[in-house]
Amino acid sequence: MKIISTRNLKKYFPIRSGVFLQISGWVRALENVNMEITQGETIGVVGESGCGKSTLGRTIVKIYEPTAGSITYRDPSGASHDLSKGIDRRVEPIFRKDVQMIFQNPFDSLDPRMTIRDTIREPLQTHRLLAGKKAMDERVAELLMKVGLYPEYAQRYPHEFSGGQRQRIAIARSISVNPRLLICDEPTSALDVSVQSQIINLLKDIQRDTNMSLIFISHNLDVVHHMSDRIMVMYLGNVVESAPATELFDNPAHPYTQALMSAVPSWNPKDRKLGQVKLEGEPPSPINPPSGCPFHPRCPHRLALCSKAKPEAVEVSDGHFSACHLHSV
Amino acid sequence: MTGAVERERILTVRNLKTYFRTPEGVVRAVDDVSFHLDRGEVLALVGESGCGKSVTAHSILGLVKAPPAKVDGEIVFGDRNLVGLPEKEYRHIRGKQISMIFQEPMSAFDPLYTVGRQLMEVAKAHMPWGDGEAKERIIDTLKSIHIPEPDKRYDEYPHEMSGGMLQRIMIAMALITSPDIIIADEPTTALDVTIQAQVLNLMQDLQSQYRGSIIFITHDLGTVAEIADRVHVMYAGKIVEKAPVAELFASPIHPYTSGLLTSRVRREYKGQDLPYIEGYVPRAYEFPEGCRFHPRCPKAVAKCSEVQPPEFEPAPGHTVACWLLEEGDDR
Amino acid sequence: MEGTTARIIRSFRQHKLGVFGLVVLAVLYLAILFAGFLAPYDFTQTHRNFVYAPPSKIRFIDEDGRWRGPFIRAMKKSRDPVTYQVVFDEDTSSVVPIKLFVRGEEYKFWGLFKTNLHLFGVEESPDRAMLLLFGADRFGRDLFSRVVVGGQVSMTVGLLGTFLSVFIGAIVGSLSGYYGGWIDVLIQRFIELLRSFPRIPLWLALAVILPPSWPSTWVYFGIVTVLSLIGWMGVARVMRGMVLSLREKEFVLAARVTGVPGMKIITRHLIPNTLSYLIVVSTLSIPGMILGESAISFLGLGIKEPMTSWGLLLKQAQSLSELESHPWLMIPGIFIMIAVLSYNFVGDALRDAVDPYRTVEKI
């Protein structure tokens with residue numbers, strides 16, 4: 001069952017200036033993103049900074065209002081709701097309980113003035129899921145144990161914990177209301193290498209237990225590959241390629257995906273590969289994106305056509321879509 | 001073009017100890033660290049947050065304020081010991097003979113001045129150049145790192161450039177004075193992979209041109225494999241393993257090093273649990289007694305929690321501080 | 001690791017001047033809390049024989065060289081035959097001992113009950129001898145008693161005014177910062193408009209509105225309102241800035257994502273996280289309020305007789321000739337300075353303590 005689907009989702013941020021903050025330009029963070037996520041599935045979103053992957057997560061979870069396009073949410077009873085123009089008052093509590101998010105920076109995502117108990121309790125109180133202090137405390141203890149922490153930690157404050165522990169606490173908070181969809185925005189990139197894998201394993205475990213869906217946003221190709229069933233590669237607000245995880249890594253079709261994969265260090269000093277990376281330049285600014293294909297100024301295979309027309313996504317193999325003119329030439 | 005293989009030692013650090021006094025207690029951020037650097041090599045200091053790698057770099061550069069901090073031991077550069085060197089003399093070394101590349105290019109530049117002016121400032125502080133010559137040299141340097149339109153970039157402000165561009169300019173700034181040593185503190189961590197590849201390639205090119213040495217500080221073993229000649233792995237203020245890069249990746253000995261290497265997310269692990277190191281990196285003011293890794297170590301024995309292990313040398317140029325190597329006991 | 005509060009207290013204590021300021025403030029507030037008891041005389045009572053009397057000399061040893069404990073002499077008023085100026089001569093034969101817990105002029109303690117017990121004083125009739133620590137004014141009222149009572153107004157006007165202005169400022173500022181958009185633009189432009197007025201004329205203009213017929217307590221609250229109507233703007237600006245950066249913090253986003261309502265986010269997350277800054281801002285804005293009240297009263301538009309404040313007391317020292325012949329009338333000014341400096345010291349120390357740049361968390 002689908003939980004969320006988007007059609008031609010766009011998000012432009014206004015650039016304001018002047019005394020009365022008139023709009024003087026737009027940051028085109030998301031361009032025509034189509035995606036859907038079904039129960040129990042993990043969608044990976046990968047790309048470099050500024051590619052719109054975080055904006056996508058935040059738009060889906062309605063921190064940002066979409067500029068155009070639609071977001072359709074299907075609640076647990078099966079009814080569909082259009083979220084692109086605000087949320088209906090009756091749907092909002094259901095949606096806010098059903099879709100949760102964890103963030104990149106564990107030093108930022110917990111209120112430093114609240115105890116761990118209060119932090120984890122907040123969603124429970126907001127949705128009035130449990131009555132009574134005792135039931136609440138038991139639930140907090142249960143959640144802490146579930147994420148691999150001691151229940152006694154409940155009365156402590158965030159500053160007493162390390163990055164990895166804080167990320168566990170953030171996970172406990174987000175799963176406290178049993179969401180069906182968890183959006184993970186770079187959940188491991190601020191963590192120490194030796195702790196990253198613990199968090200990834202924990203997320204996988206929880207997903208196994210609860211059949212929760214994940215949208216896993218990261219710049220780390222290997223981590224996204226490990227977590228995801230399907231992967232979307234984003235560049236300058238566009239989804240340039242999407243495919244099942246293994247297929248994407250075995251047969252990357254879009255030149256950007258290929259470049260991205262070639263730039264990942266090999267971890268093998270006897271086979272250094274960075275000298276072979278042929279990608280030049282840097283991503284252009286989303287304020288003035290290039291015409292035609294967004295990747296064409298850096299693309300080693302560009303054609304004359306590429307600067308004129310934006311390529312449509314083509315299904316290059318079963319379930320594997322890539323938006324590149326090379327596929328149709 | 002290989003000349004004599006004679007190695008010229010350019011920096012020797014002996015028993016470096018950098019302690020800080022904090023409200024939570026004394027932080028032994030760098031505790032008895034010794035290593036050396038030869039001309040023309042890239043030495044990587046690898047470790048996670050709080051392992052002391054950046055403090056080591058700051059100590060070498062004389063950027064640790066002592067007091068309140070305490071810096072002990074020897075940092076021999078040329079024929080001088082830099083520990084306790086007065087700030088006035090340090091200024092001639094810092095930026096000229098030893099320069100630094102920082103993690104955040106955005107915050108390393110002053111937003112109020114053009115990039116050119118800031119480069120000029122560094123150049124003129126250390127080199128006997130006039131304005132005209134300095135500008136010429138700077139633009140040459142910018143050209144040498146493949147910056148498009150160097151004349152135009154010279155007059156731009158930091159905010160007009162991307163992070164990758166600024167990082168490359170910072171590298172240029174570090175190179176202007178042809179230093180003997182460049183200390184690069186996580187120079188690619190804030191960059192995207194594709195830009196990281198460009199910056200690493202650039203550093204490698206320049207290093208072979210200038211014959212300078214690089215101390216490359218990072219938490220990312222992937223970049224280490226790409227650029228380093230020798231690797232020192234740090235954990236909780238100590239160097240736990242020193243080895244040539246190929247040997248370290250092929251046969252790591254210290255349990256922490258092998259833990260780090262196996263906790264890399266590999267494609268083959270898909271559908272399985274990832275291997276990981278138990279526990280968390282200890283905080284700087286509560287480093288454990290004995291071997292500092294023992295609470296997380298899968299192979300710890302009783303002795304590990306009591307006595308700090310000395311360095312053993314299982315192979316030439318490969319040292320490991322771990323009790324498992326005592327009495328010829330390998331692995 | 002210790003908590004934030006503990007850290008702030010510890011680093012505050014390292015700030016010597018701040019601790020000193022805090023001690024001074026504590027003494028001042030203690031003094032005004034027990035003003036009637038501490039003052040040896042009723043602050044409104046006039047004494048014909050002691051008009052413009054200078055501060056009394058406190059002696060310990062009498063004519064014969066005998067130790068008598070602290071005492072003063074009775075005074076005789078006469079006129080200088082040449083200048084016609086009033087001069088006070090000591091009656092060298094008299095010994096009026098200063099005692100603790102003496103019965104003197106009647107006052108109402110905390111407005112609750114009448115008593116005539118004073119902490120110290122002399123048991124002599126105020127016609128013959130008076131213990132005048134700071135001298136007397138032109139009605140022969142004891143300046144020390146007036147300073148102590150006047151402090152009640154001056155020292156609390158700042159506190160109350162700041163409390164009110166921080167309250168208004170915090171709410172307006174967080175609304176402006178959290179909701180942004182048109183609300184923000186409107187509030188910010190309004191603040192800029194108000195702030196572009198010069199401060200003192202604006203105070204005066206607002207103070208003139210207070211009807212002269214009002215009883216002094218109303219005037220007091222009127223002044224507080226006037227001061228805070230202007231003071232909140234600075235707080236609102238600071239608050240807006242902080243909320244603007246906090247709003248993007250991930251813990252606020254996390255609360256939004258779980259559906260916590262906006263008002264609750266402000267009260268549960270935003271305000272508690274700005275509290276320490278608010279305290280600093282408040283402490284640093286109290287001196288301005290104290291000076292503001294003094295200025296208004298000094299210009300005769302604030303507190304009115306029979307109530308008194310430091311600013312009003314200073315009003316008597318307006319002319320140079322008065323100052324020349326009765327320099328002790330400046331003493332209330334010294335108290336304003338002490339209070340303002342102490343608050344500034346405490347504010348600075350607090351700011352340093354709260355300053356996150358000095359925390360050593362990661363090396």
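This short talk follows one helix of chain C, α8, and then a helix pair in the same chain.

What I am showing is a predicted model, in which local features need pLDDT of at least 70 and side-chain atom pairs count only at pLDDT 80 or more, while totals for chains, interfaces and linings use all residues. Residues are numbered from 1 along each chain as its sequence is written, and chains are lettered from A in the order in which they are written.

Let me begin with the interface, where 17 residues of chain C are in contact with 26 residues of chain A, contact meaning that C-beta atoms, placed from the backbone, lie within 7 Å. On the chain C side, α8 (250-257) and α9 (262-298) are the elements that give two or more residues, helices here being DSSP runs of H or I with at least four residues, and strands runs of E with at least two, numbered from the N terminus. The most comes from α8(C), with seven residues.

Seven of the eight residues of α8(C) are buried, so this helix is largely enclosed by the rest of the structure; a residue is buried if 20 or more other C-beta atoms lie within 10 Å of its own. Among the buried ones are C:Phe251 and C:Leu253, and the cover includes β6 (99-102), α3 (116-126) and α5 (163-175) of chain A together with α7 (216-247) and α9 of chain C. Just after α8(C), C:Gly259 takes a positive phi of about 90°.

Turning to the helix pair, the axes of α4 (residues 143-179) and α7 of chain C come within 5 Å and cross at roughly 40°, with axes fitted to C-alpha atoms over the stretch in contact and angles running from 0 to 180 degrees between N-to-C directions.

Methods
Two residues are in contact if their C-beta atoms, placed from the backbone, lie within 7 Å. A residue is buried if 20 or more other C-beta atoms lie within 10 Å of its own, exposed if 12 or fewer, and partly exposed in between; C-beta atoms are placed from the backbone.
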